[in-house]
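These notebook entries record what I looked up in one structure. I set them down by topic, with the values as I found them.

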Amino acid sequence: MATKTPRDTPTVVEIVNNYSMFTTTEKWCIISMISYAAWFSTLSSFIYFPAVHLLSEDLSVSVDKINLTITSYMAVATIAPTLVGDAADVLGRRPVYAVTLSLYVAANIAIALSKSYNALLGLRVVQALAISGTFSVAYGDITDVASPAERGSFVSAVSFAITIAPSIGPILGGALSYAAGWTWIFWFLFIAAGLCLSIMILFLPETSRSIVGNGSIRPPQHLRLPIPNLMSHWRTSDQAFKQKRRVPNPLKSLVILIRKDNTIIILGCGLLYVVYTCINASLSVLFIDIYGLNQWQAGLIYLPFGLGGMVSTFFSGSLLDKAYRRARIRRGLPTDKAVGDDLDNFPIEKARLSVIWVPMIITTCSIVSFGWTLHYHKHISIPLCLQFIAGLCMQLDFSVYNTLLVDKNHRNPAAAQASSNIMRCTLAAITVSFLQNLIDTLGIGWTFTFMGGLCLVVVSLFLVDYHKGTQWRQRNASPTQE
């Protein structure tokens, strides 16, 4: 049954029995496109690492100065998502993708043509400013088109695209640098991002629920696809929705971050991301020192971590969706995927976090074991297998977290992901800066035991949210529903 609104006063309305008008095939097409765009947000950082020494020699500067371009990139990447998160929630997804990807394409061309260190430093800042917020917009798209009962599967796909980059980025960067020089890293990013931009402009429909509702409301002309009737579910006679305008607020992410139930899980994810980043940052150095690998072989040792994450995407979505349905059934509530559930009054924390405990414990054990096998120089196959297990379980952990975060903040999903980025990037940057000193002081085994301890802290934070999160969220609901 649909609620009809007079044409002279159009408002965003949703057909009650349909959370989204997009078909399952259309949803997967949308998720594929936004995953492609989100991929660049982490790839741009990790593909750059193998070229540090080449850049130092080519530009005649110290490695420390090249490292400054990495630090500046990470600093800007921490803040940039706050600028685009709420903008995407207010202005629409399509214009934000168009602007950010266009700027990113231009930045890559400029870096590939640059001949000075100062140009590289400045353009890396522009590159980070342009692309680092696309992942937060992607989670907004998921919330737009996927009901809570099916959201886990789609979140897993985007989460995989973001977290696979640290595994394949160094391999791509090393191969391109070795075969054609460091400039081809940025020519590759230009070509890949240019293709992504073209696909988004031609085929990605506007999905923001504040503009098109569940897809049944006709968007303004500038937000429509250039191909008529492609993924359009409104009548051609419908008037375009006249949106009530408000200025995007970059501080929205901070408001979300300081809400108690959000703070607990965002801090937990931040600590887990610290462990994830430290593993990736130390892999090549440790394996080269211990097993005498060359640079090309050192790039390949990232594969088990990435393959583990890839395998997890095949079942993590269905695992999340089944856990959600079980939680609904236990409370005698409907589980129809086509219907949008009332998450404000539903204990979504228990539904989502019920599947995280086993993978978190396995994550902890595999990381500690990984450290001690390296410490005692065991056969290389053992730490590689442990890497695969850790990658599989950590990817599942991140999928659960990302699904829960957008469920908790379903009115502002992009801004919520931006707030998460502030925490995880800040903690990761601080920890990585003294990672080598930690290894030198404690040794490899005890350093990774410390990382395992951080994982146990994450478990305790998620436990707090499991028991208290719903109560805190409902108590603070009204200020965040603006």
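**Entry 1. Cavities**

I began with the enclosed spaces of this predicted model. The largest cavity has a volume of about 160 Å³. I noted that the structure holds four cavities of 30 Å³ or more.

I then asked which residues lie nearest the centre of the largest cavity. They are Ile 162, Thr 163, Phe 398, Asn 402 and Arg 424, out of a lining of 16 residues. Five elements give two or more residues each to this lining: helix 6 (134–145), helix 7 (151–180), helix 11 (260–291), helix 16 (381–408) and helix 17 (413–433). Helix 7 gives the most, with four residues. By class, I recorded nine nonpolar residues, six polar and one charged in the lining.

**Entry 2. The chain as a whole**

I counted elements next. The chain has 20 helices and zero strands. Of its 482 residues, 56% are buried. The chain exposes about 19,300 Å², and carbon and sulfur atoms supply 66% of that area.

I also looked up how far along the sequence the contacts reach. Among contacts between residues at least 6 apart in sequence, 81% join residues at least 24 apart.

**Entry 3. Helix 11: Thr 277 and Leu 283**

I returned to helix 11, one of the elements that give residues to the lining of the largest cavity, and looked up two of its residues.

Thr 277 lies in this helix. Its relative accessibility is 9%, so I list Thr 277 as buried, the limit being under 20%. What lies 2.8 Å from a polar atom of the side chain of Thr 277? I found the backbone oxygen of Tyr 273 there. Leaving out residues up to four places away in sequence, Thr 277 touches Ala 428 and Val 432. I also noted Pro 166, which is 111 residues from Thr 277 in sequence, with the two C-alpha atoms 8.4 Å apart.

Leu 283 is also placed in helix 11. I list Leu 283 as buried because its relative accessible area is 0%. With residues up to four places away not counted, Leu 283 touches Ile 301, Tyr 302, Phe 370 and Gln 387. Gly 299 is 16 residues from Leu 283 in sequence, and their C-alpha atoms are 9.1 Å apart.

**Entry 4. Asn 108**

I looked up Asn 108, which is found in helix 4 (residues 93–113). Is Asn 108 buried or exposed? Its relative accessibility is 0%, and Asn 108 therefore counts as buried.

I then asked which side chain makes a polar contact of 2.7 Å with the side chain of Asn 108. The partner is Gln 127. Gln 127 also appears in the list of residues in contact with Asn 108, together with Phe 186, Leu 189 and Phe 190, once neighbours within four places in sequence are left aside. For Phe 190, I recorded a C-alpha separation of 5.4 Å from Asn 108, although the two are 82 residues apart along the chain.

**Entry 5. Thr 447**

I turned to Thr 447, found in helix 19 (residues 444–475). With a relative accessibility of 1%, Thr 447 counts as buried. A polar atom of the side chain of Thr 447 lies 2.7 Å from the backbone oxygen of Gly 443. Setting aside neighbours within four places in sequence, I found Thr 447 in contact with Leu 435, Leu 438, Ile 439 and Leu 442.

**Entry 6. Positive phi in two loops**

Lastly, I looked up two residues other than glycine with positive phi. Ser 60 has a phi near 55°. Its place is in the loop between helix 2 (52–58) and helix 3 (63–91). Ser 60 is exposed because its relative accessible area is 65%, and the exposed class begins over 50%.

Met 231 has a phi of about 50°, also positive. I located Met 231 in the loop between helix 9 (209–212) and helix 10 (252–257). Its relative accessibility is 11%, so Met 231 counts as buried. I therefore list Ser 60 as exposed and Met 231 as buried.

Methods
Residues are numbered from 1 along each chain as its sequence is written. This is a predicted model: local features need pLDDT of at least 70, side-chain atom pairs count only at pLDDT 80 or more; totals for chains, interfaces and linings use all residues. Side-chain values use heavy atoms; hydrogens and water are left out. Buried means under 20% relative accessible area, exposed over 50%, partly exposed in between (1.4 Å probe, protein chains only). A polar contact is a pair of N or O atoms within 3.5 Å; within protein, one must be able to donate a hydrogen and the other to accept it, and residues adjacent in sequence count only if both atoms are side-chain atoms. Contact means heavy atoms within 4.5 Å. On a 1 Å grid over the protein atoms alone, a cavity is a set of points where a 1.4 Å probe fits but cannot get out, and a pocket is an open set with protein on both sides within 12 Å along at least five of seven lines; lining residues have an atom within 4 Å of a point. Grid points are joined across faces, edges and corners, and a volume is the space filled by probe spheres set on the points. Ala, Val, Leu, Ile, Met, Phe, Trp, Tyr, Cys and Pro count as nonpolar, Asp, Glu, Lys and Arg as charged, and the others, Gly among them, as polar. Accessible areas come from the Shrake-Rupley method with a 1.4 Å probe; for residues, only the protein chains shown count as cover.
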